Amino acid sequence: MQDTFFSNDAPQPLAARLRPQSLDEIVGQRRLLGEGKVLRRMVEQDAIASMIFWGPPGVGKTTLANVIAKVTRSKFIDFSAVTSGIKEIRAVMQEADRNRAFGQRTILFVDEIHRFNKAQQDAFLPFVEKGAIILVGATTENPSFEVNGALLSRCKVFVLDALSSEDILELLNRALTSPKGFGGQKIDMAPELVEMIAASANGDARSALSTLEMTILNADVDYKGVAHVSRETVEQCASRKSLLYDKNGEEHYNLISALHKSMRNSDADASLYWLARMLEAGEDPLYIARRVVRFASEDVGMADTRALQLAVAAYQGSHYIGPPECNTILAEAVVYMALAPKSNSVYVGYKAAKVDALQMLNQPVPLNIRNAPTNLMRDLGYGKGYQYAHDCPDKLADMQCLPDALVGKVYYYPTSEGFERNYGERYYQIKEWKENAARRAQRNADADAAQDAKGKRNDESGK
């Protein structure tokens, strides 16, 4: 499309104006970009290879790829998986090949690479293998599941963390003082209002800068040209999360605690209320979904094993469609958890096992259940006496699986709640079977010992 006379006068968004031009200007990601850290060394030594940045929105994946291209003097091509297909991929690859012929390296940045299907991802492979491009993919999804194994094996995965409130605050203060931002304007804005925007951004730098820009553009300007930013303006422009959650996070944890304990107490109405309080305050739905998954195992557990399945499905559904549509999905999950029978036997059992595991780290694995892949291990007794349960009549083997020092130790105590009653019956049936098998084995051992003793006496009397 042809530019208009006025197109160059359109101001860029604040986030675009403040986009870092060097590694030192990037806020956050110190684990990767601090002095001497692995990614910084790769860039500074010009030893970059194809890589994938995995992290939540607004943490600087595109920015980092841009900076890497600038530092390494590479041509940067921004490529979107949302709007491009195999035809566009091949066209870009041909351009990269031409650049390579002139001695220029190309960094191909693919945003939302997880949206490409297998055929589209495979189209990159030959160009990555022959070095025609340095592929830098960005994804909010786990690349282990969303990126082809062949392509993933040729890329280094870097996990980018959500920015902290301190990181966001640093970025906002830079925007207020930088000539690229509002440094040339007269802004009257209390520090606590800047902190409010930082706290409401949920680790998303782009969101924070957009909120700050909107706040200042809607500020009251006096006759001296000073823009006065009020709390009311910030509250209107910022996520409503800042209105109900204090900057130290205490109210955040109070509310999730209220939701968790209401579900534990089987109060569906209170659970729905606390859920709504969090969602309408701007809480990340996936944070709540993760807490529901935890609740399904910690508080429902074996009393209703379907609860965990539903919780995981609620997380996936919330991820697929996002807010506000996902709020109903979470409401269904929360009501299900509140009404489900409750058991914390697995949670309590694990805590007890954890104590012994930490205090008795040197307990050896019984020889009969050790792996024996070599002749030496077999000669040392590894795997000797192992019984394959599937070959046993009752699919149960009379075989010791705990270390000697812990034989007879019990960690799991099933309750009679919900489906756990059935699991409990099975648990105690197995216990009884093993106790009977142990008694039979002991009687047989005693009989064999008595027979051996009798034979020994007969031999001595014969002499």
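Buried means under 20% relative accessible area, exposed means over 50%, and partly exposed lies in between (1.4 Å probe, protein chains only). The model described here is predicted, so local features need pLDDT of at least 70 and side-chain atom pairs count only at pLDDT 80 or more, while totals for chains, interfaces and linings use all residues. Residues are numbered from 1 along each chain as its sequence is written, and side-chain values use heavy atoms, with hydrogens and water left out.

**Salt bridges**

A salt bridge is a side-chain nitrogen of Lys or Arg within 4 Å of a carboxyl oxygen of Asp or Glu. The structure holds 16 salt bridges. Side chains of opposite charge can pair when their charged atoms come close. The table gives some of these pairs.

| Pair | N to O distance |
|---|---|
| Arg-40 and Glu-35 | 3.4 Å |
| Asp-46 and Arg-105 | 2.6 Å |
| Glu-235 and Arg-231 | 3.0 Å |

The Asp-46 and Arg-105 pair links distant parts of the chain, 59 residues apart. Asp-46 sits in the loop between helix H3 (38-44) and strand E1 (51-54), and Arg-105 in the loop between helix H5 (86-101) and strand E3 (106-111). Helices (H or I, at least four residues) and strands (E, at least two) are DSSP runs, numbered from the N terminus. Asp-46 is partly exposed at 41%, and Arg-105 is partly exposed at 27%.

In the first row of the table, Arg-40 is buried at 5% relative accessible area, whereas Glu-35 is exposed at 64%.

Glu-235 and Arg-231 are four residues apart in helix H13 (residues 231-237), which means that about one helical turn separates them. Glu-235 is partly exposed, with a relative accessible area of 27%, and Arg-231 is partly exposed at 46%. Elsewhere, Asp-24, Glu-35, Arg-40 and Glu-44 are joined into one network by salt bridges that share partners.

**The nonpolar core and helix H12**

A nonpolar core is a set of buried Ala, Val, Leu, Ile, Met, Phe, Trp, Tyr and Cys residues joined through side-chain atoms within 4.5 Å. In soluble globular proteins, nonpolar side chains tend to be buried together. The largest core has 27 residues, of which Ile-168, Leu-172, Met-189, Leu-212 and Val-234 touch the most other members. At least two residues of this core come from each of helix H10 (165-177), helix H11 (191-200) and helix H12 (205-217).

Contact means heavy atoms within 4.5 Å. Leaving aside neighbours within four places in sequence, Leu-212 is in contact with Leu-14, Leu-172, Ala-175, Leu-176, Met-189 and Ile-197. Glu-213 is also placed in helix H12 and is buried at 17%. With the same neighbours left aside, the contacts of Glu-213 include Gln-12, Pro-13 and Arg-17.

**Cysteines and backbone features**

A disulfide is a pair of cysteine sulfur atoms within 2.5 Å, and a search of the whole structure finds zero. The sulfur of Cys-392 is 11 Å from the closest cysteine sulfur, in Cys-401, which is too far for a bond. Cys-392 is buried at 14%, while Cys-401 is partly exposed at 44%.

A cis peptide bond joins Pro-323 and Pro-324, with omega about 0 degrees. Pro-324 lies in the loop between helix H18 (306-321) and helix H19 (326-339). Ser-266, although not a glycine, has a positive phi of about 60 degrees. Ser-266 is in the loop between helix H15 (250-264) and helix H16 (268-280), and is partly exposed at 38%.
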